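Please open the structure in your viewer and keep the selection tool at hand. The tour below moves from one selection to the next and says what is found at each stop.

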Amino acid sequence: MSIATPKKKAAATRSVRAGLESDAQHGSVVPPIYLSTNFAFEKYGKPRKYDYTRSGNPTRDQLAGALADLEDGAGAVVTCTGLSAITVILATLPGGARVIAPHDCYGGTYRLLAALHAQGKLVVDFVDQGDAAALHKSLEAGAALVWIETPSNPLLRVVDIRAIADAGHAVKGLVVVDNTFLSPIWQQPLALGADMVMHSTTKYLNGHSDVVGGAVVSASKELHDNLAWWANAIGVTGAPFDSFMTLRGVRTLHARMRVHAENTALIVDFLSKQPAVARIHYPGLPDHPGHDIARRQQQSFGAMLSFELAGGEPAVEAFLAGLECFTLAESLGGVESLISHPTSMTHAGMEEAARLRAGIGVGLLRVSVGIEDPADLLADLAAGLERAARAAPAPHLRRHAS
Ligand SMILES: *Cc1c(COP(=O)(O)O)cnc(C)c1O
């Protein structure tokens, strides 16, 4: 085999090296942070590349370059939160535009879209996009934008990006995918036909639960330029320090995702053998309704899962009390393992009937698997399940554990 230099280096190499050796002044290996809000003109009438940090900043541009590269897009807009990335996309739409969004999209996305709909600024139809007939019926009324989120929270439902993108394009809609749950390492929506990819970089891309941020990567330069104009006009561009931190996170993305995936496989295998666990929602399981699509369009089944404790609320309470390696908290995608209880946390605002219709029972727990030593994670879960079994009434347990 020849050892000719490949034309393009692998994504892992490119993300480690993003922005390295770019400092012409001192030759710092890691790029400096440009915190400055403003940049001097060279002379009268002659601005430099940057003039004001809201509009443009070298540190933020380095992160944008790395993200556009990872998603293989024409450009990335870096924003101060994931929600502001969504806001920028929606700001490009004309008043009264019709938006089709998933019925089970991220809660903050749902709240924003529902509020803009209530104000009459957009017409939003929340649809179960896994139901082809329902989606096509909604598309008959046209769509300026089709919003896709896959896998979804907390049941990890998976939808077919290619099929929905084609259907959206057939009615001349733009198609955007919220790719937060998988990161560009495990899913590349632009290659599947999407026009834009949105991220909450708060999650896997930064990966250390210490920066809130967002990004939109566009397939075309025209879309990107328009989004960049709006991000500056609204004033939601990301801070230089946050951008520096997030780029630092991106350097270890590949290595982190590898361990996230290894640990998740072990945990899913362990949980699937436990009588106290009534059900596991994970696209990697052959009986998960989205398994075949996930196989096709993802490079990994991900590091998010949810499972139902057979013993209901008493089991949940006992399970959570005494966990040592899973922090009871919202959010996801950090190096640390997190566990959340949708009924009392993320989905507490939802009415009980709606929650149950959505498949979110009181025994449901969602896990963001971290990169700790898997033996510690498994031992912690095993101890929790023992507590749950002791706390839950035995007949109840037996009835549901088959
Ligand atoms: C967290 C999250 C968001 C919102 O991002 P913020 O950074 O919290 O503003 C949007 N979509 C998904 C899937 C998320 O997990």
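Begin with the largest pocket of this predicted model, which has a volume of about 690 Å³. To find its middle, select Cys 105, Gly 107, Thr 346, His 347 and Met 350, which lie nearest the centre among the 25 residues that line the largest pocket. Next, colour helix H4 (107–118) and helix H13 (352–357), since these are the elements that give two or more residues to that lining; the largest share, three residues, comes from H4. If you colour the lining of the largest pocket by residue class, you will find ten nonpolar, nine polar and six charged residues. Then colour the chain by domain, and you will see that the lining of the largest pocket draws at least three residues from each of domain 1 (11–251) and domain 2 (254–391).

Now select the ligand and display what surrounds it. The shell around the ligand is made of 14 residues, and the closest of them are Leu 83, Asp 178, Ser 200, Thr 202 and Lys 203. Three distances to oxygen atoms of the ligand are worth displaying in turn. A backbone N or O atom of Gly 82 lies 2.9 Å from an oxygen atom of the ligand, while Ser 200 brings a polar side-chain atom to 2.8 Å from a ligand oxygen, and Lys 203 has a polar side-chain atom 2.7 Å from an oxygen atom of the ligand. With a surface switched on, consider that the ligand taken alone exposes 380 Å², of which the protein buries 93%. The elements to colour here are helix H3 (82–91) and strand S6 (196–200), each of which gives two or more residues to the shell around the ligand. By class, the residues of this shell divide into five nonpolar, six polar and three charged.

The last stop is an enclosed space. How many cavities of 30 Å³ or more does the structure hold? There is one, and its volume is about 60 Å³. Select Val 78, Thr 79, Gly 213, Gly 238 and Asp 242 to reach it, as these lie nearest its centre among the 14 residues of its lining. Strand S1 (75–79) and helix H9 (240–251) are the elements that give two or more residues to the lining of this cavity, with the largest share, three residues, coming from H9. Coloured by class, the lining of the largest cavity shows six nonpolar residues, seven polar residues and one charged residue.

Technical notes:
Residues are numbered from 1 along each chain as its sequence is written. This is a predicted model: local features need pLDDT of at least 70, side-chain atom pairs count only at pLDDT 80 or more; totals for chains, interfaces and linings use all residues. Side-chain values use heavy atoms; hydrogens and water are left out. On a 1 Å grid over the protein atoms alone, a cavity is a set of points where a 1.4 Å probe fits but cannot get out, and a pocket is an open set with protein on both sides within 12 Å along at least five of seven lines; lining residues have an atom within 4 Å of a point. Grid points are joined across faces, edges and corners, and a volume is the space filled by probe spheres set on the points. Helices (H or I, at least four residues) and strands (E, at least two) are DSSP runs, numbered from the N terminus. Ala, Val, Leu, Ile, Met, Phe, Trp, Tyr, Cys and Pro count as nonpolar, Asp, Glu, Lys and Arg as charged, and the others, Gly among them, as polar. Domain bounds come from an automatic or database domain assignment. A residue is near a molecule or strand if one of its heavy atoms lies within 4 Å of it. A polar contact is a pair of N or O atoms within 3.5 Å; within protein, one must be able to donate a hydrogen and the other to accept it, and residues adjacent in sequence count only if both atoms are side-chain atoms. Accessible areas come from the Shrake-Rupley method with a 1.4 Å probe; for residues, only the protein chains shown count as cover.
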